Amino acid sequence: MSPTDVKPIRRNWINNEHYSPAPAPATARELAAAIGCLDLDDLRTHHLALTLAVAELSAGAGMPWPWAVDDPTVTLVRAVAKLSLVAPDVTAGAAGAIVEQLQGG
């Protein structure tokens, strides 16, 4: 059996354009700092990206997924805060994407 070499696709073969590189992964600490500057209402517009970041960071840290009956955005913010304290150096690509998005990049 030959080994499979999986590399990111860097070219759109349909119209022959290069894709932009993926954002660098961010740590839980960096994500907490980025969302700490926002209002909850502003953060609600990034709910899906925040959910993906929390899921990846939780898996990387080996922490259970947060379940609560609170407001979903509040639950995610609490999860980021806990991750930044318990496993501040765990990284995730989705966290990098939302940090870049929040910084206007």
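This passage looks at helix H3 and the core around it in a predicted model. Local features need pLDDT of at least 70 and side-chain atom pairs count only at pLDDT 80 or more, while totals for chains, interfaces and linings use all residues. Residues are numbered from 1 along each chain as its sequence is written, and side-chain values use heavy atoms, with hydrogens and water left out.

Helices are DSSP runs of H or I with at least four residues, strands are runs of E with at least two, and both are numbered from the N terminus. For H3, the 15 residues should span 21 Å at 1.5 Å a residue (1.5 Å times one less than the number of residues), and the end C-alpha atoms, 21 Å apart, agree with that. Its buried residues (under 20% relative accessible area, 1.4 Å probe, protein chains only; exposed is over 50%, partly exposed in between) are Leu50, Ala53, Val54, Leu57 and Ser58. They sit on the same side of H3, because they cover an arc of only 125° around the axis, taken from the directions from the helix axis to the C-beta atoms. Over on the face turned away from that side are the exposed Leu48, Ala59 and Gly60.

Ser58 counts as buried because its relative accessibility is 4%. Leaving out residues up to four places away in sequence, Ser58 touches Met63, Pro64, Trp65, Pro66 and Leu83, contact meaning heavy atoms within 4.5 Å. After H3 comes Gly62, with a positive phi near 70°.

The buried residues of H3 pack against strand E3 (26-27), H1, helix H2 (40-44), H4, strand E4 (91-92) and H5.
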